[in-house]
Amino acid sequence: MRPRPIPSDARLVLLSTTRRIHLQAPCAATLAPGIAVIQAEMRLPGAFSPEVEAAAAQAAERPRLPDFDATDIPLVTIDPLGAMDLDQAMFVERTPAGFRVRYAIADVAAFVAAGDAIDQEARRRGETLYGADSKIPLHPKILSEDAASLLPDCIRPALLWTIDLDAAGEGIAVNVHRARVRSRAKLDYAGLQARIDAGDPDPMWPVLREIGELRKLREAARGGISLPLPEQEVSIVDGQVSLAFRARHPLEDWNEQISLLTGMAAAHLMMQARIGLLRTLPPPWPEAVARLRRTARALSIDWPAALDYPAFIRSLDPSRPRDIAMMVASTTVLRGAGYAAFDGTLPPQPLHSALASTYTHVTAPLRRLVDRFTGETCVALCAGKPVADWVRSALPTLPAIMGESSRRASRYEHAIVDLAEAVQLQSRIGEQFEAAVVELDGRDPASGTVMLHDPATEAPVRSADGQLPLGERIRVELVQADPTTRRVMFQLVA
């Protein structure tokens with residue numbers, strides 16, 4: 001099937017979240033009681049009902065496999081170590097005009113029918129919640145980690161995207177249709193990065209690197225915003241909770257660019273047809289940017305008047321405390337993300353301003369409800385068919401469902417990291433640590449947030465004698481670390 005053209009102004013960009021958290025499993029028993037309390041406090045869903053599990057088991061035995069056979073494409077999955085809910089498998093190659101990306105996305109609709117017990121429960125959950133070893137999945141594991149997952153050497157139903165890029169990495173054509181696929185290998189970021197660094201001979205990796213780097217260059221040229229804040233990782237060492245900040249592997253950025261490319265292509269198809277759902281972010285208020293400039297002056301960071309704020313943010317160095325404080329302050333212009341559904345009339349504000357383009361979520365249907373509907377929309381549009389009624393009728397309901405589930409996921413993740421910090425530090429009250437002040441309380445300059453690198457912690461801090469020195473390295477004393485309240489507090493050492 002021949003890919004459809006994409007206008008040359010299609011834009012892609014990488015947006016990093018403000019507090020990127022990776023939670024390793026398995027987790028120590030010391031966290032289990034606290035996690036159970038968090039789940040009860042937030043009234044999170046527990047095990048699936050027998051009805052849902054039975055429906056999932058039945059669906060797993062009888063998937064709707066498409067006729068089109070694409071099992072000859074040497075797809076691979078690349079995910080965190082130990083992941084089993086594998087949404088995406090890829091293959092990239094050079095073409096005479098540039099590059100071709102083949103991206104298979106798990107076809108949840110091949111197992112789940114609109115209105116069935118699995119669908120109704122997924123609409124209540126919205127997305128998978130991650131918290132150490134206490135993952136609360138969107139779908140029963142017999143689907144999300146088995147029958148619908150793109151596990152290696154298994155024939156699976158998928159939505160197969162074909163995206164052609166020119167030599168500069170710009171999208172020029174896109175198509176998506178149903179296909180049977182088979183992943184050749186289940187790879188993880190750290191292991192594959194080590195292989196690439198050691199000179200792995202597979203010709204796909206240089207192509208993936210080139211596409212990823214080209215996409216990042218295009219991001220910078222468009223004025224996209226990326227906040228490379230440290231990524232906090234919770235793990236267990238000899239049965240003890242451990243926290244550390246880790247740098248992302250370059251491979252993670254290249255892989256993420258493929259996902260963003262697909263989300264941008266899907267948004268293009270929807271905008272062209274005037275039906276679908278977009279991930280949006282309003283443009284920053286001029287007052288917010290002006291406040292950032294005042295913060296830069298307070299931190300003694302040079303911000304030339306002619307330099308716009310995306311370029312300024314890209315110039316920051318996450319290894320410097322002042323620059324980290326500036327990055328944290330910069331998150332204030334990236335608030336208000338949401339979803340916009342449309343059918344016939346385009347949204348009044350369709351852009352994701354930090355992405356400098358339109359964009360949609362379409363690559364993680366095992367873990368995020370909305371992706372099943374956006375994927376189904378794009379399959380219909382590329383086939384020249386009407387969007388299915390079950391999709392069309394659901395579109396207006398999805399922004400509210402996903403908005404609530406996104407907020408719930410953020411609260412859950414942060415609560416578990418707060419718990420892990422308190423558990424790790426509870427025996428160290430009275431000790432002093434080196435830290436950097438990364439944020440001030442707007443109502444009380446004697447209060448703020450510090451970042452410690454050993455152990456990796458972000459927590460409140462107070463000064464008994466006046467304003468905290470934003471962006472400066474300081475000595476702090478741990479005065480509170482309570483796993484029951486999940487509260488950690490430091491005090492500036494005079």
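Two elements are in contact when heavy atoms lie within 4.5 Å of each other. By this criterion, helix 13 (residues 398-425) lies across strand 12, strand 14, strand 15 and strand 16 in the predicted model. The helix runs at about 65 degrees to strand 16.

The strands under helix 13 belong to a barrel. Five strands close into this barrel, in the order 12-13-14-16-15. Their pairing is mixed. Neighbouring strands of the sheet are turned by 50 degrees against each other on average, with direction ignored. Helix 10 (residues 321-330) also packs on the sheet. This helix touches strand 12 (432-441), strand 13 and strand 15. The direction of helix 10 makes about 35 degrees with that of strand 12.

Strands of a sheet pair through backbone hydrogen bonds, either parallel or antiparallel. Strand 15 (residues 473-482) and strand 16 (residues 487-492) run antiparallel. They are joined by 6 bridges. Within these strands, V476 stands opposite L492 in strand 16. Elsewhere in the barrel, strand 13 (444-453) and strand 14 (456-462) are linked by a loop that holds P455. The peptide bond from D454 to P455 is cis, with omega near 0 degrees.

Two further loop residues have notable backbone angles. D153 lies in the loop between helix 4 and strand 6 (155-166). Its phi is near 60 degrees, a positive value in a residue other than glycine. D153 counts as exposed because its relative accessibility is 58%, and the exposed class begins over 50%. A356 also has a positive phi, of about 60 degrees, although it is not a glycine. A356 is found in the loop between strand 11 (338-343) and helix 11 (370-383).

H139 occupies the loop between helix 3 (117-125) and helix 4 (141-147). Its relative accessibility is 3%, so H139 counts as buried. The side chain of H139 reaches the backbone oxygen of L366 at 3.2 Å. Beyond its neighbours within four places in sequence, H139 is in contact with F48, V108, I118, A122, S144, P365 and L366.

The structure holds 31 salt bridges. One of them joins E121 to R124, with the closest N and O atoms 2.7 Å apart. E121 and R124 are 3 residues apart in helix 3, so about one helical turn separates them. The partners differ in accessibility. E121 counts as buried because its relative accessibility is 13%, whereas R124 counts as exposed at 56%.

A second salt bridge joins D371 and R368, and here too the closest N and O atoms are 2.7 Å apart. D371 has a relative accessibility of 2% and therefore counts as buried. R368, at 19%, also counts as buried, because the cut-off is under 20%.

In a third salt bridge, the side chains of R411 and E404 meet at 3.7 Å, N to O. R411 is partly exposed, with 43% relative accessibility. E404 is partly exposed as well, with a relative accessible area of 31%. Other salt bridges share partners: E213, K216, R248, D253 and E256 are joined in this way into one network.

Terms used:
Residues numbered from 1 in each chain as written. Predicted model: local features only at pLDDT ≥ 70, side-chain atom pairs only at ≥ 80, totals over all residues. Heavy atoms only, no water. Helix = DSSP H or I, 4+ residues; strand = E, 2+ residues; numbered from the N terminus. Buried < 20%, exposed > 50% of the residue type's maximum accessible area, 1.4 Å probe, protein only. Polar contact = N/O pair within 3.5 Å; in protein donor to acceptor, adjacent residues only side chain to side chain. Pairing = 2+ DSSP bridges. Axes fitted to C-alpha atoms, helices over the stretch in contact; angles between N-to-C directions. Salt bridge = Lys/Arg side-chain N within 4 Å of Asp/Glu carboxyl O.
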